[in-house]
Amino acid sequence: MNDVTPDVRAFLVLWAQAFNAHDIEKLAALYAPDAVLYGTTSPELHSGAEEIRTYFRNTDSVRFETWRSVRLGDGLVLVVGNYLFSQSSTDDVGTIPARFTLVLCHKDSSCQILHHHSSRRP
């Protein structure tokens, strides 16, 4: 079994860069057309590219803290970890510690998210 860590690390860097740049199109392109997302700040399940695109309309930034990956099968990887969101308002910067689960699908030389769940850490 090949180590998937370098590919996952590169993908997480790409995701964080798009998120922090508030580049909704680039971020949405990292999700498969039929992906599902349970986001940190919404009680609703977002299904498909258009719903996922509408979820990412904020000014937060993110920093990955820790994560682990496990190969589920040919081209499928489970990633579980923690990240930290920063929210800026007029005079205050607040942080939200959160945990995430991603299922990534590797096809050819690209990778897309099939499933993304994120919730506040207790």
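## Exercises on rings, burial and salt bridges

With a relative accessibility of 3%, Trp15 counts as buried, and this value, like those below, comes from a predicted model.

**Exercise 1.** Work out which secondary structure elements the protein chain contains, and in what order they run.

*Solution.* Begin with the totals, which for the protein chain are 3 helices and 6 strands. Next, follow the chain from its N terminus, where the elements appear in the order α-α-β-β-α-β-β-β-β. Finally, place these elements in the whole: of the 122 residues in the protein chain, 39% are buried, and among the contacts between residues at least 6 apart in sequence, 46% join residues at least 24 apart.

**Exercise 2.** Decide how the rings of Trp15 and Tyr83 are arranged, and which parts of the chain they link.

*Solution.* First, the aromatic pairs in this model come to 12. The ring centres of Trp15 and Tyr83 lie 6.2 Å apart with 20 degrees between the planes, and because planes under 30 degrees apart count as stacked, this pair is stacked. Then locate the partners: Trp15 belongs to helix 1 (residues 5-20) and Tyr83 to strand 4 (residues 76-88), so that the pair links distant parts of the chain, 68 residues apart. As a last step, compare each partner with the 20% limit for burial: Tyr83, with a relative accessible area of 1%, is buried, and Trp15, at 3%, is buried as well.

**Exercise 3.** Classify the pair formed by Tyr31 and Phe56, and find where the two residues lie.

*Solution.* The centres are 5.9 Å apart and the planes meet at 40 degrees, an arrangement described as tilted. Tyr31 is in strand 1 (residues 31-38), whereas Phe56 is in the loop between helix 3 (48-55) and strand 3 (61-73), and the pair therefore ties together parts that are 25 residues apart in sequence. Tyr31 is buried at a relative accessible area of 2%, and Phe56 is buried at 7%. To widen the view, one aromatic cluster takes in Trp15, Phe19, Tyr31, Tyr55, Phe56, Phe64, Tyr83, Phe85 and Phe100.

**Exercise 4.** Describe the surroundings of Arg53 and name the salt bridges that Arg53 forms.

*Solution.* Arg53 is found in helix 3, and with 18% relative accessibility Arg53 counts as buried, because the limit is under 20%. The buried residues of helix 3 are Gly48, Ile52, Arg53 and Tyr55, and their cover includes helix 2 (24-28), strand 1 and strand 2 (45-47). When neighbours within four places in sequence are left aside, Arg53 is in contact with Ile24, Glu25 and Ala28.

Turning to charges, the side chains of Glu25 and Arg53 form a salt bridge of 3.1 Å from N to O. Since Glu25 lies in helix 2 and Arg53 in helix 3, this bridge ties together parts 28 residues apart in sequence. Glu25 itself is partly exposed, at 48% relative accessible area. A further salt bridge, 3.0 Å from N to O, connects Arg53 and Glu50, which both lie in helix 3 and are 3 residues apart, about one turn of the helix.

**Exercise 5.** Find how many salt bridges the whole structure has, and which residues form a network.

*Solution.* The search finds 3 salt bridges. One of them joins Glu65 and Arg121, with the closest N and O atoms 2.8 Å apart. Because Glu65 lies in strand 3 and Arg121 in the segment after strand 6 (110-120), this pair ties together parts 56 residues apart in sequence. Glu65 is partly exposed at 34%, and Arg121 is partly exposed at 27%. Through shared partners, salt bridges join Glu25, Glu50 and Arg53 into one network.

How values were computed:
Residues are numbered from 1 along each chain as its sequence is written. This is a predicted model: local features need pLDDT of at least 70, side-chain atom pairs count only at pLDDT 80 or more; totals for chains, interfaces and linings use all residues. Side-chain values use heavy atoms; hydrogens and water are left out. Rings of Phe, Tyr and Trp (its six-membered ring) pair if their centres lie within 6.5 Å; planes under 30 degrees apart count as stacked, over 60 as edge-to-face and the rest as tilted. Helices (H or I, at least four residues) and strands (E, at least two) are DSSP runs, numbered from the N terminus. Buried means under 20% relative accessible area, exposed over 50%, partly exposed in between (1.4 Å probe, protein chains only). Contact means heavy atoms within 4.5 Å. A salt bridge is a side-chain nitrogen of Lys or Arg within 4 Å of a carboxyl oxygen of Asp or Glu.
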